[in-house]
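The exercises below ask for careful reading of a predicted model. Each one sets a task and then works through a solution step by step.

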Amino acid sequence: MIVGYGEPYPGTQVETPETAKGEPKVGIQGYAEAAEVVEGRGLAKGNLGGCNRDRTQCRDTLQQALDRVRQAARRVRLLLTALWHHVYDIERLREAYYSVNRRAAPGVDGETWAAYGRDLEANLRDLSGRLERGGYHAQPVERVYIPKPDGRERPIGIPTLEDKIVQRATVEVLNAVYEGDFLGFSYGFRPGRNPHDALDAVTVGIEKRSINWVLDADIRGFFDTLDHAWLVKFIEHRIGDRRVVRHIRKWLNAGIFEDGQWRGQEEGTPQGGSVSPLLANIYLHYVFDLWAEQWRGRHARGDVIIVRYCDDFIVGFQHQDEAERFWVELRERFHRFNLELHPKKTRLVEFGRFAVERRKRRGEGKPETFDFLGFTHMCGKTRKGKFTVRRKTVASRLRRKLHEVKQTLRKRMCLPIPSQGTWLRAVLLGYYRYFAVPRNSSLLQVFRESILRSWCRTLRRRSQRHRITWRRMYALAQQWLPQPRILHPYPAQRLCVTT
């Protein structure tokens, strides 16, 4: 039995915290696929979602179980009351174990992937038994910090290995439920979607629609301010299995272990856990996605495009007054749910095919640009004079990556040249895989040449009587440093294939 029929799914109105008796309510509105082309479309009626079947019999069984959950979630809008047995299935836990990063840092218990796998079957049976009878206890996450581009530090949580396994299994089951509910313009941390899909949606939306203003928005400290009470309310609107909700509460209330001391966490979800991205999508699905889709249908006179990747989102408007009204109402909407737009990273930009001409008539400079997912978006023209959106690597990210390569090269100074060349080749190929988009070849070449100069300086510092000439460096570059080439198609071409 997968679906419980005891309580119907919420209605069609998105309500605010000021509902009856002060209890938070959230309805569902906007389940039909979005009308714009950049948001994709649903599957044909009766077709199953997800990837193809795996080859082994156990994986086939796991996929068939998720197919049944997915069909039930799409067929009816009722609470799903029997999901937890899919999580503590030993085969699913085994799949989750093998999907964990083997080199990841251990949590507070010090358990590593290799040590846990020495007696894997016994450990998985014990874990499955504890999950089934309710004896599983979530452990606090280890808090570490990584530097941010603005000089601050980003807090990252490292869960224990068993927490990672259970969270991954839970996310796989819940994805079968929520993938049918999430709207088309949500791209972050979803199966079958990646940042380039969101980038394509922004580019095609601006080029094909009458977009003149872009709201570049960012939520301040989203993962640190996510409200636990509201999140649980949102989950309970779709998940009726109390065991699933109870374990999500355990992860939220497990607390943080930092500097040898434990402290509780009344709000937020640690970045680094497998379940955090899904919880973030669920929270913003109710707080932003459904509301924005409803606002677009009720209040917008002109074209409006929406693209969200986790807590970063772009909203394009045809009319300036609608953009300003949306910004004001969005700020009020977020305030009700304990969220805040970042005052420095959120701004309204005049953008689009008419921006250059209008700003020139007013005696202003070139149109402003906006950054999204590592790319600076600019107004440009093709060789035939048509408007296009040009995308260049964000300058700060380029400088930061070159600084990281330079620092690492110093640590690898004494290694043989083939070892250094192999590592630099991997760095370049990884960089190309993300940033090699059309019209960005010049900055790709800048990146390669900068790495070549850093490599030359590093080799020359190995000895006061070096014999490293530029002729030899060019020979090494030809052998180890691949030339940049565009790896991604034009956004409109890829979007036609995926939708």
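**Exercise 1.** Determine in which helix Ala426 lies, and decide whether Ala426 is buried, partly exposed or exposed.

*Solution.* Begin with the secondary structure, where Ala426 falls within helix H15, which covers residues 417-435. Next take the relative accessible area of Ala426, which is 47%. Since buried means under 20% and exposed means over 50%, Ala426 is classed as partly exposed. Finally, consider a residue remote in sequence: Trp480 is 54 residues apart from Ala426 along the chain, and the C-alpha atoms of the two are separated by 9.4 Å.

**Exercise 2.** Describe how helix H6 packs against helix H10, giving the angle, the distance between the axes and the residues in contact.

*Solution.* The first step is geometric: H6 (residues 161-178) and H10 (residues 242-253) pack with an angle of about 135° and with axes 12 Å apart. Because angles over 145 degrees count as roughly antiparallel and those from 65 to 115 as roughly perpendicular, the arrangement of H6 and H10 is oblique. The second step is the handedness, and here H6 passes H10 in a left-handed crossing. The third step is the contact itself, to which H6 contributes Asp163, Val166, Gln167, Thr170 and Leu174, while H10 contributes Val244, Ile248 and Trp251. Sorted by character, the residues of this contact comprise five nonpolar, two polar and one charged.

**Exercise 3.** Carry out the analysis for helix H9 and helix H11, and state how the residues of their contact divide by character.

*Solution.* The axes of H9 (residues 228-236) and H11 (residues 276-299) come within 10 Å and cross at roughly 85°. As angles of 65 to 115 degrees count as roughly perpendicular, H9 and H11 are assigned to that class. On the H9 side the contact is made by Trp230, Leu231, Phe234 and Ile235, and on the H11 side by Leu279, Ile282, Tyr283, Tyr286 and Val287. The residues of this contact divide into nine nonpolar, no polar and no charged.

**Exercise 4.** Characterise the surroundings of Asp289, a residue of helix H11.

*Solution.* Asp289 has a relative accessible area of 0%, so this residue is buried. Once neighbours within four places in sequence are set aside, Asp289 is in contact with Leu183, Phe185, Ser186, Leu284 and Arg308.

**Exercise 5.** Compare the backbone and the accessibility of Cys310 and Arg439, and establish how many disulfides the structure holds.

*Solution.* Start from the expectation that most residues other than glycine have a negative phi. Cys310, not a glycine, nevertheless has a positive phi of about 60°, and Arg439, also not a glycine, has a positive phi of about 70°. Cys310 is located in the loop between strand S6 (304-309) and strand S7 (312-317), whereas Arg439 is located in the loop between H15 and helix H16 (441-460). With a relative accessible area of 4%, Cys310 is buried, while Arg439, at 29% relative accessibility, counts as partly exposed. Cys456 is likewise buried, with a relative accessible area of 2%. As for disulfides, a search of the whole structure finds zero.

How values were computed: Residues are numbered from 1 along each chain as its sequence is written. This is a predicted model: local features need pLDDT of at least 70, side-chain atom pairs count only at pLDDT 80 or more; totals for chains, interfaces and linings use all residues. Side-chain values use heavy atoms; hydrogens and water are left out. Axes are lines fitted to C-alpha atoms, for helices over the stretch in contact, and angles run from 0 to 180 degrees between N-to-C directions. Helices (H or I, at least four residues) and strands (E, at least two) are DSSP runs, numbered from the N terminus. Angles under 35 degrees count as roughly parallel, over 145 as roughly antiparallel, 65 to 115 as roughly perpendicular and the rest as oblique. A crossing is left-handed if the near helix is turned anticlockwise from the far one by less than a right angle, and right-handed if clockwise. Contact means heavy atoms within 4.5 Å. Ala, Val, Leu, Ile, Met, Phe, Trp, Tyr, Cys and Pro count as nonpolar, Asp, Glu, Lys and Arg as charged, and the others, Gly among them, as polar. A disulfide is a pair of cysteine sulfur atoms within 2.5 Å. Buried means under 20% relative accessible area, exposed over 50%, partly exposed in between (1.4 Å probe, protein chains only).
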